[in-house]
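Colleague: I am new to this structure. Can we go through it in short questions?

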Amino acid sequence: MTAAPSIVVIGGGPRGTGVIERIAANAGELYGERALDLHVVDPHPAGGGRIWRPDQSPLLWMNSMAEDVTMFTDETVELAGPVVAGPALDAWAEDVRAGRVTPDADPAVLAEIHGLAGADFPTRRLQSAYLRWTYERALAALPPGTTVHEHRTTALAVTGPRGGRQRVRLQDRPEPLLADLVVLTVGHLDAEQDPEQEGLADFARRHALVHLPPDFTADSDLDALRPGEPVIVRGFGLAFVDLMVLLTEGRGGRYENGEYLPSGREPVLYVGSRRGVPYHAKIGYPWTGERPPLPQHLGPAWTEELLKRTGPLDFRRDIWPAVAKELGHAHYHRLFTAHPERTALAHEVFAEKYAAADPGGPELAGLIAEAVPDPADRLDLDALDALDRPLEGVRHDSPEALQEALRAHITADLARRHDPQHSEDLAVFLGLLSAYAQLVRLGDIGSWWHGFFSYLASGPPGPRLQQLLALSRAGVVRFLGADLTVRTDEERGLFRARSATVPGARTEARTLVEARLPDPSLRHTASPLLRALRDGGAAVTDDGLLAVDPADSRVLDDEGRPHPRRFALGPFTTARSSGAFTRPRTGGPAFRQNDAAARAALTFLRDHSCRGRLAS
């Protein structure tokens, strides 16, 4: 009996789930009811995968409101395939409460679902239940000729000729899986330690210290961090927020009336980073009224024109001016439509002149000055470095002065991000999402943009920053400032941290935590699968990203040729996008990529099947 054509999806998290959903959505048009074997390989439960697995602390939240999370396409997504509507997380929770959906979740998670409101920040284990339900719904939508095989293990390598079946070697199976197509959706990568981290780890071993390298915080061994002892934390993003939560509430502390009551089991966290400040808080009010039309100045036509250019792109010269004009369009559209009393021109007149003006030119600056009298209402993107690095050049004469200044900075950020009188900030957020959806088409444009986007648009829930303020007042968290450097003191056997923000100050500790995920680099990945892919001739950029065809996510080789049977999607590729799920009605670049890859895969299998048999 001839075996059915097969697809192996390596990585069963939300990105793999999204690809499977698109295979199901497109199969009727492109593949019909032919036989198909679909293999899903992941050591963690499919749907949530590793990052969104169900066995996590209930203290760990998403950094998005329930109403802002969906796994389903809508009319704003650029698709060749069909839109298949589905509920956002808050609507799914309502379906559960109404008995229309019965998720596979334990009683504690079901209790969370029954109390969930749209503006709540759900726990990650609740999101895991939503993702598992989405995965099961996608499987149920596959054509009747499809057989699904789940492999709760790790893929070690993919081999095989370009013109023949691929072989996927699994950790606990002597014979490889045979695959006509392989789709890699492995998500965030573990990494080997780079020379700096290896040196720090060696120093820690020799002096009986604690060094926690970059990792997913939920997987780090936090038991090694002892109560009352100072801990140097390098990193002030979302990984730090998780660390903060697990070492405070996770050790029995609690909040009352805005103050933190310690349990006595907490270490003291001395935190700093390159910026020296936390990411901006998530905006804490809903959208009302007219949305800015997006994209406007940075759309598919602009992207296609840029892709036609020869030679490398310079982000500041070639890309940023269009990004700035798009963000300005979103900002001023909202200001004129929602807060017209703060403007001095008719909106139609301003919009026409704004569209015609060159980005960053004196004509545009003069128009904005005329139309928006108060400089505080203008979007100042000319001082980009100051926007990205608010402590650049700032100096304090004592650590205590820095504590007060940073608490004031966080308090002001919280106030603005929760004040609908500044709703132009939410419009800029939507502009950032729209710009990101276009920029992922350009491939590897460097790491700065992704960090800047995360700083402005992917920060923690406001309540987390309120907790950070309480921990600072309680002395459980101490701020170190910007441009943090960590050195080793061989004589004293300690880590030593310094920051440019408080000249001359230093912090010493026996524990160092790198509060960040490993870089998504194939040059230092600990994944045997991706190492084998890299060493087998797949193209890797200078930043260590796996090169893929922007049209359909096929893996490119060193000569720039797309591999006909290998696809890759996710943050480790040059087509990385902002997430595997998205806010409803914002275009969802990951959904567009999933659709293109699924259609290419189904077309390949159909065409080869029609010719008789895929090559063995």
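Modeller: Gladly. Keep in mind that this is a predicted model. One pairing makes a good start: E14 and strand E15, residues 494-498, pair in the antiparallel sense over five bridges.

Colleague: Which residue in E15 is the bridge partner of Asp-489?

Modeller: Strand E14 covers 485-489. Its pairing with E15 is antiparallel. In E15, the partner of Asp-489 is Leu-494.

Colleague: Which are the edge strands of the sheet?

Modeller: The sheet is open and has three strands, in the order E14-E15-E16. An edge strand here pairs on one side only. That description fits E14 (485-489) and E16 (507-509).

Colleague: What does the twist average from one strand to the next?

Modeller: The three strands pair in the antiparallel sense. From each strand to the next, the twist averages 30°.

Colleague: Which helix lies across E14 and E15?

Modeller: This helix spans residues 195-206. Its direction makes an angle of about 135° with E15. The helix is H5.

Colleague: Now the interior. Which helix gives the most to the largest nonpolar core?

Modeller: That core has 74 residues. Among the members that touch the most others are Phe-240, Trp-320, Leu-439 and Trp-449. With ten residues, the top contributor is helix H13 (residues 424-439).

Colleague: Which residues of the 424-439 stretch does Trp-449 contact?

Modeller: Set aside its neighbours within four places in sequence. Trp-449 then touches residues including Phe-315, Trp-320 and Val-323. From H13 come Leu-432, Ala-435, Tyr-436 and Leu-439.

Colleague: How many residues are in the second, separate core?

Modeller: Its members include Val-19, Leu-30, Val-40 and Leu-142. The count is 27 residues.

Note on methods: Residues numbered from 1 in each chain as written. Predicted model: local features only at pLDDT ≥ 70, side-chain atom pairs only at ≥ 80, totals over all residues. Heavy atoms only, no water. Pairing = 2+ DSSP bridges. Helix = DSSP H or I, 4+ residues; strand = E, 2+ residues; numbered from the N terminus. Axes fitted to C-alpha atoms, helices over the stretch in contact; angles between N-to-C directions. Contact = heavy atoms within 4.5 Å. Core = buried A, V, L, I, M, F, W, Y, C linked by side-chain atoms within 4.5 Å. Buried < 20%, exposed > 50% of the residue type's maximum accessible area, 1.4 Å probe, protein only.
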